[in-house]
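Q: Hey, got a minute to walk me through this one? I'd like to get my bearings before I go back to the bench.

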Amino acid sequence: MESLKFTGILGRRSLLAGLAVVAGLGFGGSTSVDAKTITFRAGAGHPPVLAYVAEFKKYFIPEVTKRVKAATGDKLRFTQHYGGSVAKLPEVFDAVESGLLDIGLLSTPFEPRNLFMPNYAYKVPFGPEDPVRAGEIARELYDAIPEFNSSLETKNNTVLAVMAASNYQIATKKPWKTLADLKGRKIQAAGPNLPWLKGTGAVPVQGGLGGAYNNLQTGVADGILMHYQGIKGFKLFEPAPYIAKIDFGALPINMLTMNTKKFNSLPKKIQKIMKDVGVIYEKRVNKANADKDKTVVKLMQKAGAKILPISEEVKQQWAKALTKVPNDAADEGDKLGLPMRKALKMYINILKKDGKDRKS
C-alpha cells in the first residue's frame with residue numbers, strides 16, 4: 001500500500017428530524033409561489049464575529065438576491081439564525097440534511113465522519129499559514145476530486161463554498177518553550193486536531209469554541225488549539241494569555257452548504273448564481289481572514305496577551321511526532337471507500353512545491 005511522505009513538512013438526528021417535520025408544516029423555509037418569492041432559512045453555530053458568517057450576511061445574501069432579481073425577476077427572502085439559535089455548532093450539518101435549515105454555515109471539525117474528506121487539512125498539520133493560499137488549494141482539491149462534493153450530497157448537503165480560517169496556534173494559561181513543558185497540561189481541541197497533541201504528553205480535551213472560555217477559566221482546560229481569530233473573537237486570550245506561534249496553518253474548516261433537495265428544486269439559473277456567488281464569497285472570506293490575521297495579534301497584545309516565539313527546532317520536533325497522522329487518515333479513507341489517500345497525496349505534493357517555490 002502506498003505510503004504518504006510527510007516527514008519534515010512545516011508548512012441527534014432524531015431531534016432535528018422531528019423539528020424538520022414542524023418546519024415542513026410552515027415553520028421553516030420552503031419555496032413560496034406568492035409573488036415569486038423564494039424563502040431560505042439560513043443558520044450558523046457561530047455568531048457573525050467570524051468572517052465566514054459576517055461575509056455571508058454582508059456579501060452573499062445581498063449579492064445573490066440582486067443577481068437573481070436581475071436574472072429572473074424573482075425575489076429572495078432569507079431568515080437568518082446565527083450563534084446556534086436554531087442549530088448549534090455540532091448540529092448544523094444535520095439541520096441542513098433534515099431540512100430544518102435550507103442553508104448552513106458549517107464548521108467541519110464537528111463532523112469527523114460525515115465531513116471526512118473536507119477535514120483533510122487536519123491530517124497534515126503545519127500547512128500554509130496564509131488563508132488565501134489555503135483556500136486556493138482547497139478549491140483546487142474540490143475541483144479535482146469529485147468525492148469532496150459527492151460525499152456530502154449523499155447526506156443531502158450541496159457544497160456552495162469552502163473557506164479557510166486563520167492560522168492555528170496554541171493559547172495556554174502558562175507559558176512554555178519545549179514539548180516537555182506541555183506534558184500533563186489539558187489542551188482543548190475541536191476533535192480532528194486532537195491527534196496534533198501526540199508526542200507532547202499533553203492531555204487532550206475535546207470541546208468547541210462556545211464553551212472554551214469557561215473551560216479555560218475553570219480549569220477544565222489549561223490551553224486550546226485555536227486559530228488567531230477564534231482566540232481574539234471569543235476573548236480566549238483573557239484566561240489563556242500566552243499565545244505560542246507554532247503555526248499549524250490556516251485550515252479550510254468552514255463550509256456553506258444547501259439542502260440538496262432545496263437546491264435541486266431551484267431553477268437552473270438560480271442554481272448557477274448560488275454557485276457563482278459562492279466561489280466569490282469564499283475568496284472574500286479567505287482574504288478577510290488573511291487581513292485580520294495581520295491585525296488581531298496586535299490587538300490581543302495591546303489587551304495583555306503575550307506572543308511566545310517557538311523555535312524551528314521545536315516545530316520540527318512536533319512535526320516529526322505527527323508523521324503517522326496522514327497515513328492513518330489515508331488508511332481510514334480506504335476502509336470508508338473514500339479517496340482520502342489521493343487527496344492527501346495531492347495536498348502534500350502542493351505543499352512541497354509551495355515550499356520549494358518559496359525557497360527559490
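A: Sure, we can talk through confidence, then the sheet, then a helix pair.

Q: First off, what kind of model is this, and what is the mean pLDDT?
A: It's a predicted model. The mean pLDDT of the protein is 90, and 89% of its residues reach 70 or more.

Q: And where does pLDDT stay under 50?
A: Over residues 7-35. For that stretch the model has 53 contacts beyond four places in sequence.

Q: OK, on to the sheet. What's the strand order?
A: β2-β1-β3-β10-β4, in an open sheet of five strands with mixed pairing. The edge strands are β2 (75-81) and β4 (157-163), each pairing on one side only.

Q: How much are neighbouring strands turned against each other?
A: By 25 degrees on average, direction ignored.

Q: Which helix packs on that sheet?
A: Helix α9, residues 268-302. Helix α9 touches β1, β2, β3, β4 and β10 (254-259), and its direction makes about 30 degrees with that of β4.

Q: Back to the strands for a sec: how do β1 and β3 run, parallel or antiparallel?
A: Parallel, with three bridges joining β1 (residues 37-44) to β3 (residues 103-107).

Q: What stands opposite Ala42 in β3?
A: That would be Ile103.

Q: Switching topic: I've been looking at Ala134. Where does Ala134 lie?
A: In helix α4, which covers residues 131-144.

Q: Is Ala134 buried or exposed, and why?
A: Buried, because its relative accessibility is 4% and the cut-off for buried is under 20%.

Q: What is Ala134 in contact with?
A: Leaving aside neighbours within four places in sequence, Ala134 is in contact with Pro128, Ala164 and Ala250.

Q: And how far is Ala134 from Leu351?
A: Their C-alpha atoms are separated by 9.9 Å, with the two residues 217 apart along the chain.

Q: Now α4 and α9: at what angle do their axes cross?
A: At roughly 155 degrees, and the axes come within 8 Å. Angles over 145 degrees count as roughly antiparallel, so that is how α4 and α9 are described relative to each other.

Q: Which residues meet there?
A: From α4, Pro131, Val132, Gly135 and Arg139. On the α9 side they meet Glu282, Asn286, Lys287, Asn289, Ala290 and Asp293.

Q: How do the residues of that contact divide into nonpolar, polar and charged?
A: Three are nonpolar, three polar and four charged in the contact of α4 with α9.

Conventions:
Residues numbered from 1 in each chain as written. Predicted model: local features only at pLDDT ≥ 70, side-chain atom pairs only at ≥ 80, totals over all residues. Heavy atoms only, no water. pLDDT = per-residue confidence, 0-100. Contact = heavy atoms within 4.5 Å. Pairing = 2+ DSSP bridges. Helix = DSSP H or I, 4+ residues; strand = E, 2+ residues; numbered from the N terminus. Axes fitted to C-alpha atoms, helices over the stretch in contact; angles between N-to-C directions. Buried < 20%, exposed > 50% of the residue type's maximum accessible area, 1.4 Å probe, protein only. Parallel < 35°, antiparallel > 145°, perpendicular 65-115°, else oblique. Nonpolar A, V, L, I, M, F, W, Y, C, P; charged D, E, K, R; others polar.
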